[in-house]
Amino acid sequence: MVKVTVYVEGGGRGRLATECRRGFTEFFRNAGLAGHMPSIVACGSRNDAFDRFCVALNEAGSGEIPLLLVDSESPVQSRQPPWQHLASSPDRWNRPQSSREEQAHLMVQCMESWFMADAQALEIFFGAGFRLPTVRNDIEDIPKQDVLRNLETASRRSQKGAYHKGRYSFEILAQIDPEKVIQRSPFAKRLIDTLKSHLIPA
């Protein structure tokens with residue numbers, strides 16, 4: 001029996017950690033992993049996510065597979081492996097010797113980029129007054145600051161008010177359609193494919 005644990009950037013402690021775990025759990029369940037779910041560890045900062053992943057990697061027994069999931073924070077060159085991106089980014093994280101390439105995953109360029117793939121879910125969530133401008137198909141190429149600015153501007157006059165990362169992010173994650181995200185985010189597809197390859201029997 002394989003146990004997969006995803007160490008996620010985001011959440012932190014208390015209520016926010018609970019919401020982070022719930023959001024990713026629903027996203028993965030809706031992506032076709034119902035009955036074959038990974039464990040989710042909400043780590044807070046990206047540095048804490050990397051540190052906890054490294055500890056888990058060193059302590060992992062047979063059949064235990066830790067995965068790291070963090071924002072890329074910037075564009076990722078076509079087909080550039082996540083570890084290579086993380087090593088060349090300001091993080092300067094070198095791939096641990098005991099890890100495999102498939103154990104690092106990126107939300108490109110941030111988790112909110114995934115939201116851009118499902119405007120309908122955003123409209124339902126924010127209600128009347130939400131106006132998201134037309135979003136380019138290649139959501140991974142939208143600069144992070146533009147994604148966040150578009151969300152805030154589009155939701156400012158909505159029923160729920162302006163988008164706030166801590167207040168709404170994981171609730172939205174639980175409601176968006178993973179298939180729409182996978183179709184427009186190759187790195188999201190890579191993550192789901194990796195999870196399925198380990199958790200769903202062939």
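A residue is called buried when its relative accessible area is under 20%. This term is used in the legends below, which describe close-up views of a predicted model.

**View A. The buried side of helix α5.** Helix α5 spans residues 119-126, and its buried residues are Ala121, Leu122, Phe125 and Phe126. Around the helix axis these residues cover an arc of only 120 degrees, which places them on the same side of α5. Three helices serve as packing partners for the buried residues of α5: α4 (111-115), α6 (144-155) and α7. Just after the helix, Gly127 adopts a positive phi of about 80 degrees.

**View B. The surroundings of Phe170 in helix α7.** Phe170 belongs to helix α7, which comprises residues 165-173. Is Phe170 buried or exposed? Its relative accessibility is 8%, and Phe170 therefore counts as buried. When neighbours within four places in sequence are set aside, the contacts of Phe170 are Gly10, Gly11, Leu16, Glu19, Cys20, Gly23, Phe24 and Met111. Leu132, by comparison, is separated from Phe170 by 38 residues in sequence and by 19 Å in space, taken from C-alpha to C-alpha.

**View C. The aromatic pair of Phe24 and Phe170.** A pair of aromatic rings is described by the distance of the centres and the angle of the planes. Twelve aromatic pairs are present in the structure. One of them joins Phe24 and Phe170 in a tilted arrangement, with 6.4 Å centre to centre and 50 degrees between the planes. Phe24 lies in helix α1 (residues 14-33) and Phe170 in helix α7, so this pair ties together parts of the chain that are 146 residues apart in sequence. Phe24 has a relative accessible area of 0% and is therefore buried.

**View D. The aromatic cluster.** Phe27 and Phe28 form an edge-to-face aromatic pair, with centres 6.1 Å apart and 65 degrees between the planes. Both of these residues are buried. Which residues make up one aromatic cluster with Phe27 and Phe28? The other members are Phe24, Trp114 and Phe170.

**View E. Charged ends over aromatic rings.** The ring of Phe125 has the charged end of Lys160 sitting over it, at 4.4 Å from the ring centre. Phe125 is also among the buried residues of α5. In a further case, the charged end of Arg167 sits over the ring of Tyr168, at 5.6 Å from the ring centre.

Conventions
Residues are numbered from 1 along each chain as its sequence is written. This is a predicted model: local features need pLDDT of at least 70, side-chain atom pairs count only at pLDDT 80 or more; totals for chains, interfaces and linings use all residues. Side-chain values use heavy atoms; hydrogens and water are left out. Helices (H or I, at least four residues) and strands (E, at least two) are DSSP runs, numbered from the N terminus. Buried means under 20% relative accessible area, exposed over 50%, partly exposed in between (1.4 Å probe, protein chains only). Contact means heavy atoms within 4.5 Å. Rings of Phe, Tyr and Trp (its six-membered ring) pair if their centres lie within 6.5 Å; planes under 30 degrees apart count as stacked, over 60 as edge-to-face and the rest as tilted. A charge sits over a ring if NZ of Lys or CZ of Arg is within 6 Å of the ring centre and within 35 degrees of the ring normal. The arc is that of the directions from the helix axis to the C-beta atoms.
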